[in-house]
Amino acid sequence: MSGAKEIRNQIKSIGSTRKITKAMEMVAASKMRRAQERMYAARPYAEKMRQVVSHMNEANLEYRHPYLITRDEIKSVGFIVVSSDRGLCGGLNVNVFRKAVGAMSEWHDKGVDVRLVTIGKKASAYFNRFNAEIAGEAIGLGDAPRLEVLIGAIKVVMDAYMEGEVDRLFIVSNNFVNTMTQAPDVEQLIPIASTIRNSGHQHWDYIYEPESREIIDLFMDRYIESLIYQRVAENSACEQAARMVAMKAATDNAGKLIDDLQLVYNKARQAAITQELSEIVGGAAAV
């Protein structure tokens, strides 16, 4: 019965693991609802900011902010890669890393220098493993990302663009499609491209008081910050959804494995009993 005992210990061990994954699934489901609320709350503000900036981009401004000016020669580009702080969320981080590496490789092939800013411990660990030069990072986001945690990393790339050290700025993160689907995406942050595609669309202009330059400078900073925060909030919702799905799959697989081991255990136990009965019958016949 030594084999049966080992199988019984395996069943017990896998059962304990299944309890843990089931608990993690339930916790992730609870956190996902709150993360979705933050994501949906951030979306309207970010979309309105995009609309206002598009109108400003189409208007004849006395002062055009550097974020609205497309530079002809591109010598360096910046990438902000958003990941989670923790693992156990399936292929969520791997997919966004693959998307980021693919986009960065395209610029490398053109002879353009690439600067990197990471958000989340997993992104920092991944790119540090390959000795990538990380200009800034933000870690320890927690379940509810806060702008004050991100502001340092954001300022690094914004200052680099204003000083002419970076000519394009992109952000790579996951978009929340639904609970089962999270799509990695690359979005250009700077220079700001107009989202108004229809030439017949009515263009808006604004009256600035007291000074247009001061207001536009402040507004552009808030615009970039709001977009990055919105992408981080979206990635947080993706993380919890992916973790919930991954833990559910782990729980289901553990259950199937227990069922298979239970069948093997029953067969081993039956074989041992049969052998003992045969030995008893054989001994009785010999007597």
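Two strands are taken to pair where DSSP finds at least two bridges between them. The legends below describe a predicted model.

**View 1. The parallel pair β1 and β2.** Strand β1, residues 76-82, runs parallel to strand β2, residues 113-119. The two strands are joined by seven bridges. Within this pair, S76 of β1 lies opposite D113 of β2.

**View 2. The five-stranded sheet.** The strands are arranged in the order β3-β2-β1-β4-β5 and form an open sheet with mixed pairing. Its edges are β3 (134-138) and β5, each of which pairs on one side only. Neighbouring strands are turned against each other by 20° on average, direction ignored. Strands of a sheet pair through backbone hydrogen bonds, in either the parallel or the antiparallel sense.

**View 3. The β4-β5 hairpin.** Strands β4 (residues 168-178) and β5 (residues 181-190) pair in the antiparallel sense, with nine bridges between them. Two residues separate the strands of this hairpin. One of the bridge partners is D185 in β5, which is matched with S173.

**View 4. Helix α2 on the sheet.** Helix α2, residues 92-109, packs on the sheet and touches β1, β2, β4 and β5. The direction of α2 makes about 150° with that of β4. The helix has 18 residues and spans 26 Å from its first C-alpha to its last, close to the 26 Å expected at 1.5 Å a residue. Its buried residues are L92, N93, V96, F97, A100, A103, M104 and W107. Viewed down the axis of α2, the buried residues fall within an arc of 135°, so they line one face of the helix. Exposed residues on the other side of α2 are R98, E106 and D109. Just after the helix, G111 adopts a positive phi of about 80°.

**View 5. Helix α3 across three strands.** Helix α3, residues 121-129, lies across β1, β2 and β3 and runs at about 145° to β2. A123, S124 and F127 are buried in this helix. These residues cover an arc of only 100° around the axis, which puts them on the same side of α3. The packing partners of the buried α3 residues are β1, α2, β2 and β3. Just after α3, N131 has a positive phi of about 55°.

**View 6. The bend in helix α4.** Helix α4 comprises residues 147-162, 16 residues in total. From its first C-alpha to its last it reaches 21 Å, close to the 22 Å expected at 1.5 Å a residue. The helix bends by about 30° at A153. A153 is also among the buried residues of α4, together with L150, I154, V157, M158, A160 and Y161. G164 follows the helix and has a positive phi, near 80°.

**View 7. The surroundings of E239 in helix α5.** E239 belongs to helix α5, which covers residues 212-286. The relative accessible area of E239 is 8%, and a residue under 20% is classed as buried; E239 is therefore buried. Apart from neighbours within four places in sequence, E239 is in contact with S84, R86, C89 and L92. Of these contacts, L92 is itself among the buried residues of α2.

Notes. Residues are numbered from 1 along each chain as its sequence is written. This is a predicted model: local features need pLDDT of at least 70, side-chain atom pairs count only at pLDDT 80 or more; totals for chains, interfaces and linings use all residues. Side-chain values use heavy atoms; hydrogens and water are left out. Helices (H or I, at least four residues) and strands (E, at least two) are DSSP runs, numbered from the N terminus. Axes are lines fitted to C-alpha atoms, for helices over the stretch in contact, and angles run from 0 to 180 degrees between N-to-C directions. Contact means heavy atoms within 4.5 Å. Buried means under 20% relative accessible area, exposed over 50%, partly exposed in between (1.4 Å probe, protein chains only). The arc is that of the directions from the helix axis to the C-beta atoms. The expected span of a helix is 1.5 Å times one less than its number of residues. The bend at a residue is the angle between axes fitted to the seven residues ending there and the seven starting there.
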